[in-house]
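Here is a short set of exercises to work through with the model open beside you. Try each task on your own before reading the solution.

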Amino acid sequence: MITAIVFVQADVDRIPEVAQQIAELDGVSEVYSVTGEIDLIALVRVREHDEIADVVADRLNKVPGVTATETHIAFRAYSRHDLEAAFSLGMED
């Protein structure tokens with residue numbers, strides 16, 4: 001699985017609608033409204049690199065209200081939650 005983190009600038013008056021439309025796109029797993037210089041962060045999870053272009057360039061960038069994006073491809077994932085889940089497999093509570 002390939003994960004891309006997409007920083008999204010949006011028209012301020014349309015952030016909730018833009019976030020909802022992005023969240024409904026195939027390949028987008030989560031969208032967060034955030035503070036700071038960007039308005040939204042979208043997590044894109046796909047099987048192949050070419051699919052990132054399909055999701056980001058062909059669909060996400062064309063959502064009305066999106067003014068700019070910056071995409072980062074994740075190399076590795078480090079998550080306490082994921083590690084704890086892996087070690088608790090088969091364990092009884």
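**Exercise 1. Place Val34 in the fold, and decide whether Val34 is buried, partly exposed or exposed.**

Solution. Start with the location: Val34 sits in the loop between S2 and S3. Keep in mind that you are looking at a predicted model.

Next, take the accessibility. Val34 has a relative accessibility of 28%, and because partly exposed covers the range between 20% and 50%, Val34 counts as partly exposed.

Then look for partners. Not counting residues up to four places away in sequence, Val34 touches Asp39, Leu40 and Ile41.

Finally, try a distance across the fold. Val34 and Phe7 are 27 residues apart in sequence, and their C-alpha atoms are 9.8 Å apart in space.

**Exercise 2. Describe the link between S2 and S3.**

Solution. First, count the bridges: five of them join S2 to S3, and the two strands run antiparallel. One position to check is Tyr32, which stands opposite Ile41 in S3.

Now turn to the connection. S2 and S3 form a hairpin with six residues between them. In the turn, Gly36 has a positive phi of about 110°.

**Exercise 3. Work out the order of the strands in the sheet, and say which strands lie at the edges.**

Solution. Begin with the inventory: the protein has three helices and four strands. Read from the N terminus, the elements run β-α-β-β-α-β-α.

Then follow the pairings one at a time. A general reminder helps here: strands of a sheet pair through backbone hydrogen bonds, either parallel or antiparallel.

- S1 (residues 2-10) is joined to S4 by seven bridges, and the pair runs antiparallel.
- S1 is also joined to S3 by seven bridges, again antiparallel.
- S2 is joined to S3 by five bridges, antiparallel as well.

Put the pairs together and you get an open sheet of four strands in the order S2-S3-S1-S4, with antiparallel pairing. The edge strands are S2 (28-33) and S4 (66-73), each of which pairs on one side only. From one strand to the next, the twist averages 20°.

To check the register, pick some residues in the pairs. Val8 has Thr69 as its bridge partner in S4, while Gln9 stands opposite Ala68 in S4. On the S3 side, the bridge partner of Phe7 is Ile41.

One element remains to be set against the sheet. Helix H1 (residues 15-23) lies across S1, S2, S3 (40-46) and S4, and runs at about 165° to S2.

**Exercise 4. Which residues does Phe7 contact, leaving aside its neighbours within four places in sequence?**

Solution. Locate the residue: Phe7 is found in strand S1. At 25% relative accessibility, Phe7 counts as partly exposed.

With those neighbours left aside, Phe7 is in contact with Ile38, Leu40, Ile41, Ala68, Thr69, Glu70 and His72. Take Ala68 from that list: Phe7 and Ala68 are 61 residues apart along the chain, yet their C-alpha atoms are separated by 8.3 Å.

Now widen the view to the whole protein. Among contacts between residues at least 6 apart in sequence, 65% join residues at least 24 apart.

**Exercise 5. Is Asp26 buried or exposed, and which residues does Asp26 contact?**

Solution. Find the residue in the loop between H1 and S2. Its relative accessibility is 62%, and since exposed means over 50%, Asp26 counts as exposed. For the protein as a whole, 29% of the 93 residues count as buried.

Leaving aside neighbours within four places in sequence, the contacts of Asp26 are Val55 and Arg59. For a distance, use Arg45: Asp26 and Arg45 are 19 residues apart in sequence and 9.2 Å apart in space, C-alpha to C-alpha.

**Exercise 6. What is the volume of the largest pocket, and which residues line it?**

Solution. Here is the idea behind the search: rolling a probe the size of a water molecule over the atoms shows where empty space is left.

The largest pocket has a volume of about 150 Å³. Its lining consists of Thr3, Leu43, Arg45, Ala74, Phe75, Arg76 and Ala77.

Lastly, sort the lining by residue type: four are nonpolar, one is polar and two are charged.

Definitions and conventions
Residues are numbered from 1 along each chain as its sequence is written. This is a predicted model: local features need pLDDT of at least 70, side-chain atom pairs count only at pLDDT 80 or more; totals for chains, interfaces and linings use all residues. Side-chain values use heavy atoms; hydrogens and water are left out. Two strands pair if DSSP finds at least two bridges between them. Axes are lines fitted to C-alpha atoms, for helices over the stretch in contact, and angles run from 0 to 180 degrees between N-to-C directions. Contact means heavy atoms within 4.5 Å. On a 1 Å grid over the protein atoms alone, a cavity is a set of points where a 1.4 Å probe fits but cannot get out, and a pocket is an open set with protein on both sides within 12 Å along at least five of seven lines; lining residues have an atom within 4 Å of a point. Grid points are joined across faces, edges and corners, and a volume is the space filled by probe spheres set on the points. Ala, Val, Leu, Ile, Met, Phe, Trp, Tyr, Cys and Pro count as nonpolar, Asp, Glu, Lys and Arg as charged, and the others, Gly among them, as polar. Buried means under 20% relative accessible area, exposed over 50%, partly exposed in between (1.4 Å probe, protein chains only).
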